[in-house]
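Welcome to this guided tour. Open the structure in your viewer, keep the selection box handy, and follow along stop by stop.

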Amino acid sequence: MSRMPLISELLGIRYPLIQGGMAWVSDAGLAAAVSEAGGLGVIAAGNMPADALRSQIDRIRGLTQKPFGVNVMLLSPYAPEVSEMLAGEEVPVIITGAGDPARYVDAWKRRGSHVLAVVASTALARRLSSAGVDALIAEGSEAGGHIGELTTMALVPGIVDAVELPVVAAGGICDARTVAAAFCLGARGVQVGTRFIVANECAVHENYKNSVLEARDIDSKVTGRVTGHPVRVLRNKLVRQMLREEYEPGGAARIEEMGTGALRRAVVDGDRESGSFMAGQCAYRIDRAQSVRDIIGELFDAAALGEIRRELGRDLP
Ligand SMILES: Cc1cc2nc3c(=O)[nH]c(=O)nc-3n(C[C@H](O)[C@H](O)[C@H](O)COP(=O)(O)O)c2cc1C
């Protein structure tokens, strides 16, 4: 197996770190702070129409000269117009989630964008590697938001072996130990979402940050398996109700109904009862609000990573 470049080399950034695009959560302000601190900040298009996304892109260009990314959620009804718009924008990095971007890859690359795709299975990884993407993000089911079936531990080495592309690991990465673990699995970079929700520069409602900071390990739940679009969230009244009704007759339709607008209710209104507080399994390990710079400093803490290297050298037979 040939040695793949680090994602930081490929994208021209300091740390091999992508801030995961998070619908409603990662706007130009958070993304600019991450890019300024040496990672790749990513604006989430989520369900935005193209003009709303273009104003976020204009905003980030006023905040940083460093590379940034846009995450296109292919399930969005606006995905076609957003994808067309991006083909004219020269955005440094375009990342797709929730689907197959093959038909847009050439147009985006002609404008000089690097194109990355989030995958949760080896089948999609293989298909996209022949569609010309520059790297893949293998997202395990520990992650917050929409998830696949396999965990990061099971998925990442399988994708690394399946494709001749750099692979970025996502799902459950929140400190130097989990960064090191991702590299042990063959990843050439990491994508982190949940830990950035509590960043000082993240503009979500205080109640959202507090729900992450207060989460216990048993609060991480998956709703909507019955709909075919499972989502990892923190337990609250809405989630308990969804889990009760999921397998009742008409459950899938009820889940869709209850989920509509629920992420907005969490992010904007801070509605702790009926909002959807999407977050990964590692939420229970996050106990402090910090600046983006401090979070990245801890993820790539040289002393902690050095100690892990020494221990691996000493302990592995
Ligand atoms: C609130 C929230 C919203 C998300 N929205 C998106 C999205 O719109 N598109 C996408 O590709 N991934 C989305 N994700 C996944 C993240 O980009 C990232 O891969 C994931 O958070 C990494 O796992 P972690 O939460 O354990 O750090 C979302 C995650 C969260 C927590």
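Before the first selection, a word on how helix pairs are described here: axes are lines fitted to C-alpha atoms, for helices over the stretch in contact, and angles run from 0 to 180 degrees between N-to-C directions. Helices (H or I, at least four residues) and strands (E, at least two) are DSSP runs, numbered from the N terminus. This is a predicted model, in which local features need pLDDT of at least 70 and side-chain atom pairs count only at pLDDT 80 or more, while totals for chains, interfaces and linings use all residues. Residues are numbered from 1 along each chain as its sequence is written, and side-chain values use heavy atoms, with hydrogens and water left out.

**Stop 1: H11 and H12**

Select residues 237–245 for helix H11 and 251–259 for helix H12; their axes come within 9 Å and cross at roughly 165 degrees. That makes H11 roughly antiparallel to H12 (angles under 35 degrees count as roughly parallel, over 145 as roughly antiparallel, 65 to 115 as roughly perpendicular and the rest as oblique). The crossing of H11 past H12 is left-handed (the near helix is turned anticlockwise from the far one by less than a right angle; clockwise would be right-handed).

Which residues make the contact between H11 and H12? Show Leu 238, Gln 241, Met 242 and Glu 245 on H11, then Gly 251, Arg 254, Ile 255, Met 258 and Gly 259 on H12. Contact means heavy atoms within 4.5 Å.

Now colour the buried residues of H11, which are Leu 238, Val 239 and Met 242. They cover an arc of only 95 degrees around the axis, which puts them on the same side of H11. The arc is that of the directions from the helix axis to the C-beta atoms. Buried means under 20% relative accessible area, exposed over 50%, and partly exposed in between (1.4 Å probe, protein chains only). The buried residues of H11 pack against strands E10 and E11, H12 and helix H13 (262–267).

**Stop 2: Arg 225**

Next, pick Arg 225 in the loop between strand E10 (220–223) and strand E11 (231–234). With 38% relative accessibility, Arg 225 counts as partly exposed. Apart from its neighbours within four places in sequence, Arg 225 touches Glu 149, Pro 230, Glu 246 and Tyr 247. Try a distance label from Arg 225 to Ala 252: they are 27 residues apart in sequence and 8.7 Å apart in space, C-alpha to C-alpha.

**Stop 3: H2, H3 and H4**

Move to helix H3 (residues 50–63) and helix H4 (residues 79–86), which pack at about 40 degrees with axes 9 Å apart. That makes H3 oblique to H4, and H3 passes H4 in a right-handed crossing. Where they meet, Ala 50, Leu 53, Arg 54 and Ile 57 in H3 face Glu 81, Val 82, Met 85 and Leu 86 in H4 through contacts.

On H4, highlight the buried residues Ala 79, Val 82, Ser 83, Met 85 and Leu 86. Seen down the axis of H4, these fall within an arc of 160 degrees, so they line one face of the helix. Packed against them are H3, strand E3 (68–73), strand E4 (93–97) and helix H5 (102–110).

Add helix H2 (residues 28–36), which packs with H3 at an angle of about 35 degrees, their axes 9 Å apart. H2 passes H3 in a right-handed crossing.

**Stop 4: two loop residues**

Select Trp 24 in the loop between strand E1 (17–19) and H2. Although not a glycine, Trp 24 has a positive phi of about 70 degrees. Glu 90, in the loop between H4 and E4, also is not a glycine and has a positive phi of about 50 degrees.

**Stop 5: H15**

Finish with helix H15 (residues 302–315), where the buried residues are Leu 305, Gly 306 and Ile 308. Down the axis of H15, they fall within an arc of 160 degrees, so they line one face of the helix. What covers them includes helix H8 (176–184) and helix H14 (292–299). Rotate to the face turned away from the buried side and find the exposed residues Ala 303, Arg 310, Arg 314 and Asp 315.
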